[in-house]
Amino acid sequence: MSQMMDTENTEEDRVSLKSNGKTPTNGGTKESLGMLKTLRKSIRQAAEKSPLTSGGKGLKVTTGNESGSLTPQSPSRSSPVTSPLGNIGGLFNKKDEEDSDTTPQKGKGLARSNTDPNMSRLDSILTRGETIRRSLNFGTKKDKPCQQQPLVSVAEGPAEEKTEEKAKEEEYTLPEIPHTPLSVMQINNLIESVELQDAHLNLLALRQEFQQERERSGDDSPVELAKKEKDLNLLYGELRNKIKTIVRDSNSLPSGNKELLEPVARIIQEEEKRAEQPGGLQDSWREAWREAVGEGVKVKIGSIELEQKEKNLSWLAVHLGLLGKTILEDLESVKKDLRWSYPPSFKVFSTYVRSYHSGVGQHLKKLEPQVTEVKDLYALLNWIINGYKSEKIMGGLSLQPEMEEESSDLQLEEDFLKKLKDKYCCKLKEDIRCTLDRVIEQENKTIWRDGETPEKDEGFLHSQFPMDIWTNLKGRIVWSAEIDAQLKQKVISSCLQELKDFPKRFEAGFRLHCSALQPLWTEYQITYINSFTALQQHMEGYRDTCPAEVEDLKKETNGLIFRLMQGLEVQFKADVELYLRRMITRKWLTDDEDFKKLFRRTEQLSQHCALMRPPHNQDFASKLHYHVVREYIGQLMKKNFSCKNQKHERAASKIRKQWEELRDLFDDMNSAHEWLYDVGDELSIVIEQENKRDIKNHLETLVKHYPDFCKKHLVAVLYFRGLIRGREHQLILQKFTELKKTQGRADEDKSHVLFRDMQIPANTDCFSHLPFSCLSSLLPDN
């Protein structure tokens with residue numbers, strides 16, 4: 001498939017590569033041509049006599065054509081082996097080519113089976129050829145550097161210049177392949193000396209020899225043919241490695257190295273044309289070029305400074321900044337300079353972009369294990385998802401319009417981004433847990449340990465930690481939202497999951513460090529009722545995103561608030577239990593001390609409720625209001641005291657007065673149980689009636705307002721009134737029964753239950769419930 005694509009790219013270039021054709025002269029006169037032919041003939045005869053030639057054959061030298069075709073280049077004079085073909089052929093080189101600035105290094109040659117290692121004769125030939133060139137005023141390449149032009153313009157110029165550059169590429173014609181190639185060692189030295197064009201032409205000549213010998217030999221494969229095939233493979237391998245090195249370093253080394261890219265591109269194209277012919281490398285040259293580009297990108301990425309995180313807390317942010325800068329600068333160089341060294345089919349800019357997508361992805365994978373902190377994980381995620389595509393890197397204006405046709409997505413391994421997000425959320429949860437632990441430690445350090453009075457905000461007790469927690473979490477959520485919506489949701493879920501356990505952990509620390517005997521215990525409880533209420537309200541904003549997590553947090557928060565309020569209730573009930581137990585007694589009728597203590601404690605509770613934020617202040621006041629009313633009236637139902645001898649009026653007056661004081665107090669506390677306000681007055685009306693007959697006339701309102709008020713409760717009230725038995729007692733009970741039947745249970749409100757749970761002692765009077773007709777027969781008159 002890659003070979004097919006490469007063939008299509010080659011056709012796209014429309015480069016004329018004419019090989020093995022006869023070439024006309026270079027426009028000189030017939031006299032000059034004759035003299036040149038004489039010189040070439042003398043050189044060829046000397047070469048044929050040289051023991052360095054193979055099989056006594058001379059080197060055939062061809063001239064260039066009028067269009068500027070290239071003849072095989074010779075190695076430089078500093079090379080261990082110099083081809084005479086190059087010295088003569090240099091007369092017809094294109095004027096727009098110049099030698100590589102690379103100084104050839106002495107390499108290890110590949111021995112050819114029939115090559116003579118003695119090179120002294122060849123040096124003599126080279127010396128003579130060079131003398132002749134100077135005598136004809138052609139000179140060497142080093143003698144006239146000013147007349148040579150670079151292969152490719154590396155600076156971005158006007159559109160006309162680029163068009164001319166492409167036209168020059170299209171006019172290129174492959175120089176004539178020598179009839180007799182140089183030796184294996186000489187070709188290898190040409191490769192090492194970066195005389196790529198000469199080396200490739202001789203490789204093609206050697207490949208032609210191999211093909212011809214292979215055709216002549218048929219199915220028989222002599223040893224010499226196998227050796228030649230091996231030599232071809234080794235030389236082609238060396239040539240490809242040299243080309244890959246040049247391509248790899250082309251975006252890193254000075255601009256002189258880029259001048260070698262034009263012959264590199266021509267060699268790749270020529271080899272693609274001969275891909276199906278024997279003697280060459282089987283795999284794709286274009287693919288090898290792409291691999292070399294990718295290797296160069298990896299080298300460039302690997303050269304970017306990476307500080308140790310122990311020495312610099314911002315090590316990753318600095319590295320990612322340098323990485324983005326390097327990518328942008330390199331692609332700018334490719335766009336403005338490097339890509340013009342290749343034919344259009346190479347799609348150089350696109351290849352470098354894709355190489356960076358892949359190279360950066362692999363680099364980040366290697367970097368990921370070192371990224372362990374939340375801030376660094378966030379920086380890495382933000383760079384991958386947003387930074388890499390931003391105008392600072394792939395979206396840069398300097399890379400337009402070329403980047404419009406390119407993808408700007410990194411090539412990451414499957415699930416790499418997901419694993420990175422999961423790792424970020426996991427580390428984030430650990431970080432949040434540490435933050436919440438510090439909240440408990442700070443509360444103990446600043447409040448509990450020294451018994452400090454909690455602060456007030458708008459008249460309510462409060463602590464700073466809910467706002468600190470909310471601000472911390474909100475910041476993380478906002479940052480994650482800047483990366484993408486998916487990460488935002490994962491972060492919200494992670495934060496709420498970790499926050500869910502915080503109420504119980506806080507409660508454990510609170511009870512561990514605070515004793516219930518502390519005078520500020522009530523203030524502390526109210527403070528944290530307010531604080532966790534505020535925290536829950538802050539988190540409600542994320543219900544649409546993570547409803548399950550918000551609901552779980554609400555349950556835990558409400559659980560703590562309930563336990564704190566329950567603690568306050570238990571404490572209050574314990575404080576007033578003794579005072580309430582002494583209500584509606586003989587002592588109570590003559591002494592107000594117990595009620596005053598009850599009132600003061602309730603008044604203190606009212607002040608505490610004023611420090612509690614809604615809606616818990618009203619709930620708390622309503623619960624305690626109900627408790628005080630039930631216990632106060634409950635003493636009336638216990639039949640501990642009976643107001644005989646006209647004491648009932650005084651008792652009714654006292655109940656009404658005390659009830660009014662309690663009612664005003666709970667009204668100030670904003671109790672929701674307004675239905676309890678009238679019970680004291682209505683019972684007082686029943687108790688204060690001087691005429692017993694009038695009692696039955698005041699039962700209707702009591703039955704209507706308190707449907708759970710039953711016959712046993714009325715008997716207890718009548719007992720306190722001093723009406724234990726008798727005709728009037730029975731008439732009152734009969735009237736009450738009629739009212740209950742008339743009213744039925746339709747008006748009963750289950751939320752208004754007061755008397756049902758009151759404890760009433762068993763009746764020890766065997767005559768109290770007998771019908772009046774039976775009792776009348778026992779009277780003395782009968």
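These legends go with a set of close-ups of a predicted model.

**Overview. A mostly helical count of elements, for orientation before zooming in: 28 helices and two strands.** Of the 782 residues, 50% count as buried. Take the contacts with a separation of 6 or more: 79% of them involve residues 24 or more positions apart. The accessible surface adds up to about 38,600 Å², and carbon and sulfur atoms own 49% of that.

**Close-up A. A patch of positive charge on the surface, built from K587, K596, K597 and R600.** Helix 21, covering residues 593-609, is the top contributor here, with three residues. R600 sits in helix 21. Its relative accessible area is 45%, so R600 counts as partly exposed.

**Close-up B. A negative patch on the surface, made by E660, D664, D667, D668 and E674.** E660 belongs to helix 23, which spans residues 647-668. With 42% relative accessibility, E660 is another partly exposed residue.

**Close-up C. A salt bridge between the side chains of E209 and K228.** The N to O distance is 3.1 Å. This pair ties together distant parts of the chain, as E209 is in helix 7 (residues 196-217) and K228 is in helix 8 (residues 223-249), 19 residues apart. Both E209 and K228 are buried. Zoom out, and the salt bridge tally comes to 42.

**Close-up D. Side chains of D249 and R248 joined in a salt bridge.** Here the N to O distance is 3.1 Å. The two partners fall on opposite sides of the 20% cut-off for burial. D249 has 18% relative accessibility, so it counts as buried, while R248 comes in at 28% and so counts as partly exposed.

**Close-up E. A salt bridge within helix 19, between R581 and E577.** The closest N and O atoms are 3.7 Å apart. Both residues lie in helix 19 (residues 547-581) and are four residues apart, or about one turn of the helix. R581 is partly exposed at 44% relative accessibility, and E577 is partly exposed too, at 48%.

**Close-up F. A salt bridge network that links R433, D437, E498 and R505.** Side chains of opposite charge can pair up when their charged atoms come close. In this view, the four linked residues are two arginines, R433 and R505, along with D437 and E498.

Notes. Residues numbered from 1 in each chain as written. Predicted model: local features only at pLDDT ≥ 70, side-chain atom pairs only at ≥ 80, totals over all residues. Heavy atoms only, no water. Patch = residues over 30% accessible without salt bridge, like charges linked within 9 Å, V, L, I, M, F, W, Y side chains within 5 Å. Areas by Shrake-Rupley, 256 points an atom, 1.4 Å probe, with all protein chains shown as cover. Lys, Arg positive; Asp, Glu negative; His and termini not counted. Charge placed at Lys NZ, Arg CZ, Asp CG, Glu CD. Buried < 20%, exposed > 50% of the residue type's maximum accessible area, 1.4 Å probe, protein only. Contact = heavy atoms within 4.5 Å.
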